[in-house]
Structure formats: C-alpha cells, structure tokens
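Trainee: Could we go through this model together before I head back to the bench?
Mentor: Gladly; have a look first, and then ask away.
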Amino acid sequence: MGICWVSILIEEFTKLMAATYNITINQNADFIRSFQVKENNVILNIAGYTFEGRVKENFHHTGHTSFAASIVDAATGTFKLVLTDVQTAAMPGGTYVYDVLMTTDLGVKTRLLSGNAFIIQGVTP
C-alpha cells in the first residue's frame, strides 16, 4: 500500500480558507494518508501541534467518524490521518464530506483541508 503525499501550502491571505482535496476511502480497508504542511512554500515545523479530522455524511448530519491523527515527523511538517478497517466497514458507500483542523502550540486553529470523501463499497469483509 502506497502513501500519497500532499503538501498543504498556507499563505497569509488563505489562512481562513481550507485547501480542497477530495479523498477516496475503501470500505473494509485501512485508510492512511500523509500530508506535509508548508507556509509560504517553506516546510513548517509542527512540533507541539495537534490535528483532528472528521468524516460526515453531510454538513448537517450529527454523526461522524473521526480520523486518528498523528505527527509523523514534526521537522518535515508531516502528519497522517488514519481510519481503521473497522471504521471504514461501518460507513455505507457514497459521497461524504470531511475536514481537518490544525491547532498550533499556541492554540491557534486553522482548517487545513476539506473536501469530499468518496466511500467505495467493498465486497470482501
């Protein structure tokens, strides 16, 4: 299984707007995706930062599935999002929405990513 690397550029004029990035999640399989954070095209050291993200059927739906988010390498600005095979198995196929928030070591929150999450139905459990 390969890991897709996506660089997220944060520029002063776009900090209020998340980058749009659609993802595909396969039912009954682990989802692991790594991201690199850059500010003004320079890798951001994310030591002390936290990340959180959710997948929902739509923006108004009260239920959600949370990603496990962790820093892979703070110095290279790399973090990853994970859903387990048990989590993806519980998600009916279809088009969902998701987003990811980053909280700095000073408590400043930035929505880094948002987009559609395409849940692809699986045959083998």
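Trainee: What share of the residues in the chain is buried?
Mentor: Of the 125 residues in the chain, 36% are buried, where buried means under 20% relative accessible area with a 1.4 Å probe, counting protein chains only. Keep in mind that this is a predicted model, in which local features need pLDDT of at least 70, side-chain atom pairs count only at pLDDT 80 or more, and totals for chains use all residues. Residues are numbered from 1 along each chain as its sequence is written, and side-chain values use heavy atoms, with hydrogens and water left out.
Trainee: Which secondary structure elements does the chain have?
Mentor: It has one helix and eleven strands, taken as DSSP runs (H or I, at least four residues, for helices; E, at least two, for strands) and numbered from the N terminus.
Trainee: Switching to rings, how many aromatic pairs are there?
Mentor: There are five aromatic pairs, counting rings of Phe, Tyr and Trp (its six-membered ring) with centres within 6.5 Å; planes under 30 degrees apart are stacked, over 60 edge-to-face, and the rest tilted. Tyrosine 21 and phenylalanine 35 are edge-to-face, because their centres are 6.0 Å apart and their planes stand at 90 degrees.
Trainee: Is phenylalanine 35 buried or exposed?
Mentor: Phenylalanine 35 is buried, at 1% relative accessibility.
Trainee: And what about phenylalanine 31 and phenylalanine 67?
Mentor: Their pair is tilted, with 6.0 Å centre to centre and 45 degrees between the planes. Phenylalanine 31 lies in strand 4 and phenylalanine 67 in the loop between strand 7 (65–66) and strand 8 (68–73), so the pair ties together parts 36 residues apart in sequence.

Notes
Buried means under 20% relative accessible area, exposed over 50%, partly exposed in between (1.4 Å probe, protein chains only).
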